[in-house]
Amino acid sequence: MVRTPVNSSYDGARMDTVNLSFRYVEQDYVRAMRSHYASRLRLPLDIAVIVGCSLVGAYEWRAGSQGFGITLLCVSGILALMLVVAFAVIPTIAFRRQPKFRDDYSLSFSPQGIHFQTAHIDSNLKWGMYTNALIDAYSFILYYGSQQFSLIPKRVFQDEGQRKIFEKLLAQNVSKVVDKTK
């Protein structure tokens, strides 16, 4: 993790600007992907279907309809495996295969927009590109498409005051913010 001094209202910078410099760690991305999947999938329903298929499958197998029972048990096993892969395997593989996550990031958030800079990117973005945001215990996930997002780990903020300024900017500029911490 690379952390450089962060400008905020405490060191003379504008009170409504948040400057962050960081490098992603695998755990940042894995946690964000899990939050993303949890917000998009219907986990209680998925788990209920898996348990229901397993119970009915086991009952049918013991009651004499072995073919149907085995089919239901296989379906429940496949559904459970899909959830395990989505939450445990895919995020890790996706992080390791994406070279952009090895870059140092410098981001500056202000009411006017976001200055986004890495070794390969130097861009000024408008807040309007983000359609919604998800806040979990570890990060801010800013969506710019149904499956595409920018990740801001909470660990990169210098202090609580700087994070509060960012949250205020987020609330003012992104129309739909879902806070899973409350």
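## Notebook: strand 5 and its neighbours

I started at a hairpin: strand 5 and strand 6 form it, with three residues between them. The model I am reading is a predicted one.

**Entry 1, the hairpin.** I looked up how the two strands run. Strand 5 covers residues 132-135. Strand 6 covers residues 139-143, and the two are antiparallel, joined by four bridges. I then picked one residue to see its partner. Ala133 stands opposite Leu142 of strand 6.

**Entry 2, the other edge.** Which strand pairs with strand 5 in the parallel sense? I found strand 8, residues 176-179, with four bridges to strand 5. Here I noted Leu134, which stands opposite Val178 in strand 8.

**Entry 3, the faces of strand 5.** In a regular strand, side chains alternate between the two faces of the sheet. I therefore sorted strand 5 by side and checked burial: Asn132 and Leu134 are on one side, Ala133 and Ile135 on the other. All four are buried, so both faces of strand 5 are covered.

**Entry 4, Ser139.** Next I went across to strand 6, where Ser139 lies. Buried or exposed? Ser139 has a relative accessible area of 1%. The cut-off for buried is under 20%, so Ser139 counts as buried. I listed what Ser139 touches, leaving out residues up to four places away in sequence. The list holds Ala32, Leu134, Leu151, Ile152, Pro153 and Lys154. Leu134 thus turns up twice in my notes: as a contact of Ser139, and opposite Val178.

**Entry 5, the whole chain.** I stepped back to the secondary structure. The chain has four helices and eight strands. From the N terminus, the order is β-α-α-α-β-β-β-β-β-β-α-β. I checked the radius of gyration next: 21 Å, well over the 16 Å that the globule rule gives for 182 residues, so the chain is more spread out than a compact globule. The C-alpha trace spans about 75 × 30 × 25 Å along its principal axes.

**Entry 6, burial and contacts.** I looked up how much of the chain is buried. Of its 182 residues, 36% count as buried. I also looked at contacts between residues at least 6 apart in sequence; 58% of these join residues at least 24 apart.

**Entry 7, surface and charge.** The chain exposes about 10,500 Å², and carbon and sulfur atoms supply 58% of that area. For charge, I counted 21 positive and 14 negative. How far apart are their mean positions? They are 4 Å apart.

Conventions
Residues are numbered from 1 along each chain as its sequence is written. This is a predicted model: local features need pLDDT of at least 70, side-chain atom pairs count only at pLDDT 80 or more; totals for chains, interfaces and linings use all residues. Side-chain values use heavy atoms; hydrogens and water are left out. Buried means under 20% relative accessible area, exposed over 50%, partly exposed in between (1.4 Å probe, protein chains only). Two strands pair if DSSP finds at least two bridges between them. The radius of gyration is taken over C-alpha atoms; the globule rule is 2.2 Å times the number of residues to the power 0.38. Contact means heavy atoms within 4.5 Å. Accessible areas come from the Shrake-Rupley method with a 1.4 Å probe; for residues, only the protein chains shown count as cover. Lys and Arg count as positive and Asp and Glu as negative; His and the chain ends are not counted. The place of a charge is taken as NZ of Lys, CZ of Arg, CG of Asp or CD of Glu.
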